[in-house]
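Biologist: Could you take me through one part of this model in detail? I'd like to follow the strands one by one and see how they sit together.

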Amino acid sequence: MAPALPRRLLPWLRTPPSSSSAAAFSSAPSRGCPLHAALARRGAPAAASLALYARIREEASPPTPFTFSLLLAALASSSSSSSSSPSPSPSAGCARLAAACLAHAQAFKCGALAHPVVTNSLLKLYCSLGLLDRARRVLYSGGAALDVVSWNTMVSGYGKGGDLDAAREVFAGMPERSLVSWSAMVDACVRAGEFGEALWVFDRMMREEFRPDVVVLVSVLKACAHLGAVERGRWVHRYLETGSFGGRRGNLMLETALVDMYCKCGCMEDAWQVFDGVHRRDVVLWNAMISGLAMNGYGERALELFRRMLQKGFMPNESTFIAVLCACTHTGRVDEGKRVFKSMQDYGIKPQREHYGCLADLLGRAGNVEEAEALLLDMPMEPHASQWGALMSSCQMHNDINVGERVGKRLIELEPYDGGRYVVLFNLYAVNGRWEEARTIRQMMEDRGAKKETGLSFIEWNGLVHEFISGDTRHPLTRKIYALLEDIERRLQLIGYVKDTSQVIMDMDDEEDKGIALSYHSERLALAFGILNIPQGVPIRIVKNLRVCRDCHVHSKLVSKLYEREIIVRDRHRFHVFRDGVCSCNDYW
Ligand SMILES: [Zn+2]
Ligand SMILES: [Zn+2]
């Protein structure tokens with residue numbers, strides 16, 4: 001189709017059609033018309049859809065609401081199909097936008113917006129183009145007929161666009177709600193990272209006696225996975241097993257979400273059970289199980305499962321290789337990791353930034369920091385700050401000041417307002433006695449007003465997720481928690497625990513502020529809460545947003561022995577299972 005077509009159509013589209021009464025449209029015999037059938041095909045360029053519409057106006061009977069809903073849907077599909085292509089040209093974007101405006105104007109002139117089906121197609125089109133303000137204007141203009149789908153489209157549009165506040169507002173103002181409305185709202189919360197709110201919205205939905213479907217349950221499982229809320233996750237699992245739900249058997253999306261949730265909560269037995277029970281697997285499910293094993297420290301078993309997947313004839317994809325490289329990293333298998341990386345081309349997969357990052361992390365952790373640095377510098381794309389950050393941890397772990405200094409400075413350049421970046425370089429200088437440089441870095445951090453990310457830990461108990469920040473005093477059990485922590489400190493001292501004083505300046509230590517003597521890192525507060533509430537024999541599960549610091553790691557190991565508790569901590573990078581004084585990561589994290 002000629003690209004100049006929309007311009008040729010413009011004058012023609014400006015003339016109003018002969019009749020503007022909505023009733024006249026709906027009676028037109030549009031179904032079965034070959035032009036309409038052509039318009040219904042998805043993925044055509046916007047200009048082609050407009051040209052079809054023009055022909056319908058010329059040759060067939062006047063356009064009906066059906067015509068407009070087809071036209072608007074065709075334009076929406078043309079936009080989404082082109083936006084997934086690697087580089088949508090700006091002119092194509094303009095053409096879609098112009099086409100959308102023309103179609104909107106025509107629908108308006110013809111009075112087709114008196115039909116909710118047409119309004120909804122228009123809203124979907126604007127949302128798919130990211131034009132949420134325009135969609136909003138249609139919704140609140142008063143000139144378009146609406147139904148519950150219109151509101152749902154708007155909530156979901158804001159959710160996908162990451163604007164949770166706007167989604168909340170539209171959701172709150174809805175005249176009536178359907179299952180899809182609730183599901184869109186839960187999804188909006190999950191996308192915005194408000195996992196606790198997602199569960200709260202889901203609870204409200206259940207109280208209003210909506211029966212959840214696959215879509216909303218997958219979102220709920222995602223929220224549980226992020227919060228480490230395994231009891232809630234188990235509830236979903238039980239719900240799926242009961243007759244009230246159509247049964248999860250055969251629903252791969254749900255089964256994968258269950259495996260992922262159990263893995264991210266550190267419940268490997270349960271994850272295995274679900275995984276083994278699935279008869280028709282796909283590569284996404286294999287990936288979930290392999291990366292779950294790797295993340296939980298079972299590198300050997302992850303690699304075994306990868307081999308089994310290949311034996312069964314499944315084609316690995318990009319995510320599979322990330323999981324497998326991660327498994328090699330956690331078990332320190334440098335040679336195998338290099339082999340796996342090389343083998344990617346045998347499957348026709350070009351290594352992406354993440355794959356280079358994984359390999360560099362593997363090399364760095366194993367002590368080959370120079371090789372890792374060279375890999376990051378030579379890779380065909382620009383590495384992300386997080387990849388340099390991983391190398392920086394390796395430099396710290398192996399106390400390599402030469403590479404560490406270069407990487408540390410680069411990180412500060414890349415993220416000048418992330419205080420954590422200064423802290424690691426400061427510590428590296430300090431540990432090596434280079435005080436002058438350490439002080440300069442500290443001064444630079446203060447001058448720029450760079451802040452450290454707040455440490456957050458979550459623990460689930462009795463269906464509620466409790467959140468703690470460093471030195472938190474907001475929890476109703478604060479007094480008991482601090483009393484227990486002091487008691488733990490005393491008992492630990494008796495068995496020879498000495499606070500890690502190798503850290504030169506306390507408040508520059510690691511990622512989290514220690515602050516005053518009595519304030520504790522967030523995971524210790526969560527741990528004390530767990531000991532106080534969770535019965536003996538039940539593991540204490542904590543999710544933390546930052547990396548666990550050395551001192552807390554020692555602390556957790558000793559507490560696991562002293563109190564005979566299994567403590568499972570998921571930090572930013574991996575799982576730590578503390579049992580009888582040792583950790584599953586073998587102090588390698
Ligand atoms: Zn700590
Ligand atoms: Zn550990």
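Modeller: Let's start at the hairpin that joins strand S4 to S5 through four residues. Keep in mind that this is a predicted model. S4 covers residues 567–570, and S5 covers residues 575–579. The two run antiparallel, with four bridges joining them. If you want a pair to look for, find Ile567, which stands opposite Phe578 in S5. S5 is mostly covered, with four of its five residues buried.

Keep following the chain and you meet another hairpin: S5 and S6 form it with two residues between them. S6 is residues 582–583, and two bridges join S5 to S6, again in the antiparallel sense. Here Arg579 stands opposite Val582. Check out Asp580 in the turn too, as its phi is positive, about 50°.

Now go back to S4 and look at its other partner, S3. This pairing is parallel, and it runs over four bridges. One pair to pick out is Ile542, whose bridge partner in S4 is Val569. How does the chain get from one strand to the other? S3, helix H29 (residues 550–562) and S4 make a β-α-β unit, and it is right-handed.

S3 also pairs with S1, which is residues 456–461. Those two run antiparallel and are joined by three bridges. Phe458 is a handy marker here, since its bridge partner in S3 is Val543.

So is S3 enclosed or open? Five of the five residues of this strand, 540–544, are buried, so S3 is largely enclosed by the rest of the structure. In a regular strand, side chains alternate between the two faces of the sheet. In S3, Ile540, Ile542 and Lys544 are on one side, with Arg541 and Val543 on the other, and both faces are covered.

Let's finish with the nonpolar cores. In soluble globular proteins, nonpolar side chains tend to be buried together. The largest core in this model has 144 residues, and Met261 and Met289 have the most contacts inside it. Helix H13 (residues 214–227) gives the most to this core, with nine residues. If you zoom in on Met261, you'll find that the residues it touches include Leu221, Cys224 and Val230. There is also a second, separate core of 29 residues, and among its members are Phe468, Ile488, Val548 and Tyr563.

How values were computed:
Residues are numbered from 1 along each chain as its sequence is written. Chains are lettered from A and ligands numbered from 1 in the order in which they are written. This is a predicted model: local features need pLDDT of at least 70, side-chain atom pairs count only at pLDDT 80 or more; totals for chains, interfaces and linings use all residues. Side-chain values use heavy atoms; hydrogens and water are left out. Buried means under 20% relative accessible area, exposed over 50%, partly exposed in between (1.4 Å probe, protein chains only). Two strands pair if DSSP finds at least two bridges between them. A crossover is right-handed if, with the strands pointing away from the viewer, the path from the first strand over the helix to the second runs clockwise. A nonpolar core is a set of buried Ala, Val, Leu, Ile, Met, Phe, Trp, Tyr and Cys residues joined through side-chain atoms within 4.5 Å. Contact means heavy atoms within 4.5 Å. Lists of a residue's contacts leave out its neighbours within four places in sequence.
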